[in-house]
Amino acid sequence: MGLFDKLRGELIDIIEWLDDSNNTMVYRFERYQNEIKNGAKLTVREGQAAVFINEGKIADVFAPGMYTLSTANLPILATLKGWAHGFNSPFKAEVYFVSTRNMTDQKWGTKNAITLSDPRFGMLEIRAFGTYVIRVKDAATFIREIVGTDGHFTTEEIGEQLRSLIVTRFTDAVGEAGFPVEAFAAKANELSEFVHTQIGPEFEQYGVEVTKFLVENVSMPEEVKKEIFELSRLNAIDLNKLTQLKAAKAMEAAAANPSGTAGAGMGMGMGFAMANQMGQAMMPEQQAGATPPPVQSAPPPVPPAPPALAFFAVQNGRQAGPFDLNTLKQMAMARQINADSLFWREGMANWTAGSQIPELAPVFGSVPPSIPGA
């Protein structure tokens, strides 16, 4: 190995970025006059991307891995430089390392109150705050649209711009979501997901992806909050007891100002009204403590009537019926059946002549005999 080769080997650079912070998004690799030696080693770790910029233009972007820089893996830069047959001398290029990992616990909040129109409570103002998580999805677009020539770009520098964008889109999303005001707390997850879908495309045009968006709290004026709480309890509270409670509080407030005659009169009126209500409320309890009147015993229930007898009859060689006794009497009077006709009812083993069935004796006994000579 010659002296030149030995010196040339010692000049090989190692280009890498060891990030020990939790808020750096872009770091420019510093080199004297931005010179990079031929055959330099480039190390891009997981959660990083390396962007080469030549004369203000983005040339090449490297994903995680280890590279030996040459015209083979710097195709765009080689084209810009016109290295048709490779290069052996140092070349100039800016190298920006971009963090592509998730930047967690980013805060957002409304500096000024947001005015909403609710169909029940009218115009009201709310405030909201929460957190979001972002990561650089497209390193080249992020540098082109946001970073520029900043050599050390942090989340604080982009935070104000992103927070303004979030608040603007959050205001629009709240109006479009159509959630009732009292449901903001119960539907925090649904509201977070809805706003996330609205702001996602806005961030992507800057090469940034919002991986998580959370609405932690939505606050509103105290008077509106009290009305919501009272309305929510109407279905669960006894209105009579609520009236008594408010009357007691009003009387207590009036008693606290004994010098005022109006307050004294009000207190007396409230006291009489409350006493009347409490007396009415206690009357059922007093009546419950008194000796109850004797309870008259009810007569026993009427026993159910026995089921009517019903018989099937054989007419013209066919089964007919069932018929009750009154119907059978009418049929006997019409000479449709007689004592020799066969009958059967539930519980009998076989068809039997009517003359042999005791229950049918009244049917045929009331039928007059045939008129002689008729």
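**Strands, a helix and aromatic pairs**

In strand β12, Ile126 is the bridge partner of Ile114. That contact belongs to a predicted model, so read every value here as computed from the prediction.

Start with the two strands around this pair. Strand β11 covers residues 114–118. Strand β12 covers residues 122–136. The two run antiparallel and are joined by 5 bridges. Together they form a hairpin, with 3 residues between them. Now look along β11. Its side chains alternate. Ile114, Leu116 and Asp118 point to one face and are buried. Thr115 and Ser117 point to the other face and are not buried.

Step back to the whole chain. It has 374 residues, and 32% of them are buried. The chain contains 10 helices and 18 strands. Take the contacts with a separation of 6 or more: 64% of them are between residues 24 or more positions apart. The exposed area of the chain is about 23,600 Å², and carbon and sulfur atoms supply 55% of it.

Next comes a sheet. It is open, has 5 strands and follows the order β6-β5-β9-β2-β13. The pairing is antiparallel. Strands β6 (57–62) and β13 (152–154) stand at the edges. Each has a single partner strand, so one side of each is left without a neighbour in the sheet. On average, neighbouring strands of this sheet are turned by 20 degrees against each other, direction ignored.

Follow the β13 edge. Strand β2 (residues 24–29) runs antiparallel to β13, and 3 bridges join the two. Thr24 stands opposite Thr154 in β13.

A helix lies across these two strands. This is α4, residues 155–177, and it runs at about 45 degrees to β13. The helix bends by about 25 degrees at Gln161. Many side chains can be checked here for burial. The buried residues of α4 are Thr155, Ile158, Gly159, Leu162, Leu165, Ile166, Val167, Phe170, Ala173 and Val174. Just after the helix, Gly178 takes a positive phi of about 75 degrees.

Now turn to the aromatic rings. The structure holds 9 aromatic pairs. One of them is Trp17 with Phe97. Their centres are 6.3 Å apart, with 40 degrees between the planes, and the pair is tilted. Where do the partners Trp17 and Phe97 sit in the chain? Trp17 is in the loop between β1 (14–15) and β2, while Phe97 is in strand β9 (residues 94–99). They are 80 residues apart, and the pair links distant parts of the chain. The cut-off for buried is under 20% relative accessible area. Trp17 has 6%, so it is buried. Phe97 has 0% relative accessibility, so it also counts as buried.

A second pair involves helix α4. Trp108 and Phe170 form a tilted aromatic pair, with 5.2 Å from centre to centre and 50 degrees between the planes. Trp108 lies in strand β10 (residues 103–109) and Phe170 in helix α4, so the pair ties together parts that are 62 residues apart in sequence. Trp108 is at 3% relative accessibility and therefore counts as buried. Phe170 has a relative accessible area of 0%, so it is buried.

Finally, return to Trp17 and Phe97. Both belong to one aromatic cluster, which they form with Tyr27 and Phe29.

Technical notes
Residues numbered from 1 in each chain as written. Predicted model: local features only at pLDDT ≥ 70, side-chain atom pairs only at ≥ 80, totals over all residues. Heavy atoms only, no water. Pairing = 2+ DSSP bridges. Helix = DSSP H or I, 4+ residues; strand = E, 2+ residues; numbered from the N terminus. Axes fitted to C-alpha atoms, helices over the stretch in contact; angles between N-to-C directions. Contact = heavy atoms within 4.5 Å. Bend = angle between axes of the 7 residues up to and from the residue. Buried < 20%, exposed > 50% of the residue type's maximum accessible area, 1.4 Å probe, protein only. Areas by Shrake-Rupley, 256 points an atom, 1.4 Å probe, with all protein chains shown as cover. Phe/Tyr/Trp six-rings, centres within 6.5 Å; stacked < 30°, edge-to-face > 60°.
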